[in-house]
Amino acid sequence: MHIASLAKSNTEILHSLGCANEIVASTSYDAKLAPNSKTVGSYVDIDIAQIISLRPGIAFTSTFLQEKYAQELFAGGIEVIHFDPLSVDDIMENILDAGLAVNCSDKAKKIVAGMKSEIAKIKESASNPIPNIYLEEWPRPPMASGNWVVQMLELAGARGILRQGQRSREVTLEELLEFNPEKIVLSWCGVGLNADPKIVKNRSGWNALGAVAQNKIFVVDDSYFNTPSQNVARGIAEIAKILRG
């Protein structure tokens, strides 16, 4: 089966299912995970004509940002599976659906079982009371991580500023002062571990936040938070480690 995978999250899932060599089209962000694939653009700039010319039997797209590509591929006669998770539970369902689509259901079930086992161990060590954590997805303007990250924080034993079902959005200093986070975690999209806490410290008025004044600002690898695949379990573990520190 030839596969088009147009998001790193989907490629990570398919790679874990053992389908990497069947991917014929991928983006510039995840081509290394699919050695036999052609790069057909970036996450939000896809060459649909090139994908169709590669004649994949199925295409995987992701989130509302790729809805238009899902529609175009479907119109081009390609079967499309579109994922738009808003929770960790949704991600697990996506993995099971991907496994079913590529005839790897048993492996998908094992991956999900492994995630659940790892998360269960993390929850066992969660502390009380539940701390408020501000996890930032983007610095300019400051945006709080929503979507599945809301549940990631919950599973790690923390409370985020957004609620389940909310997408990432800009937050104000006034909101954060009311929320009063004990710690700030930077997971800037596409930056990896290179987020700079000084940018947060130098924001006007932010030194009024206890987490800033006490220098409780942490940087995590955004790939475990901004990519909805099985790797979010690692992200949950990273938050749990920060909570214990």
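Contact, as the word is used in these exercises, means heavy atoms within 4.5 Å. The model is predicted, so that local features need pLDDT of at least 70 and side-chain atom pairs count only at pLDDT 80 or more, while totals for chains, interfaces and linings use all residues. Residues are numbered from 1 along each chain as its sequence is written, and side-chain values use heavy atoms, with hydrogens and water left out.

**Exercise 1. Determine which residues Phe60 contacts, and place Phe60 in the largest nonpolar core.**

Step 1. Leaving aside neighbours within four places in sequence, Phe60 is in contact with Ile3, Ala4, Ser5, Leu6, Asn10, Leu14, Ile81, Phe83, Ala98, Ala101 and Val102.

Step 2. A nonpolar core is a set of buried Ala, Val, Leu, Ile, Met, Phe, Trp, Tyr and Cys residues joined through side-chain atoms within 4.5 Å, where buried means under 20% relative accessible area, exposed over 50%, and partly exposed in between (1.4 Å probe, protein chains only). The largest such core has 45 residues, and of these Leu17 and Phe60 touch the most other members.

Step 3. Helices (H or I, at least four residues) and strands (E, at least two) are DSSP runs, numbered from the N terminus. Among the elements that give two or more residues to this core are α1 (8-16), β6 (58-62), β7 (79-83) and α10 (232-244), and α10 provides the largest share, seven residues.

Step 4. Ala98, one of the contacts of Phe60, is in helix α4 (residues 88-101) and is buried, because its relative accessible area is 1%. With neighbours within four places in sequence again left aside, Ala98 is in contact with Ile13, Leu17, Phe60 and Phe83.

**Exercise 2. Describe how strand β11 is paired and covered.**

Step 1. Two strands pair if DSSP finds at least two bridges between them. Strand β8 (residues 133-138) pairs with β11 in the parallel sense over four bridges, and Tyr134 stands opposite Ile184 in β11.

Step 2. Strand β12 (residues 217-219) also pairs with β11 in the parallel sense, over three bridges, with Phe218 in β12 as the bridge partner of Val185.

Step 3. In a regular strand the side chains alternate between the two faces of the sheet. In β11 (residues 183-186) both faces are covered, since Lys183 and Val185 on one side and Ile184 and Leu186 on the other are all buried.

**Exercise 3. Explain why Cys104 forms no disulfide.**

Step 1. A disulfide is a pair of cysteine sulfur atoms within 2.5 Å.

Step 2. The closest cysteine sulfur to that of Cys104 belongs to Cys19 and is 4.1 Å away, which is too far for a bond. By this rule the count of disulfides is zero.

Step 3. Cys104 counts as buried because its relative accessibility is 18%, whereas Cys189, at 40%, counts as partly exposed.

**Exercise 4. Characterise the surroundings of Asn147.**

Step 1. Asn147 lies in the loop between β9 (143-144) and α6 (149-156) and counts as buried, because its relative accessibility is 10%.

Step 2. Not counting residues up to four places away in sequence, Asn147 touches Pro85, Leu86, Gln164, Gln166, Arg167 and Ser168.

Step 3. A polar contact is a pair of N or O atoms within 3.5 Å; within protein, one must be able to donate a hydrogen and the other to accept it, and residues adjacent in sequence count only if both atoms are side-chain atoms. The side chains of Asn147 and Ser168 make such a contact, at 3.4 Å.
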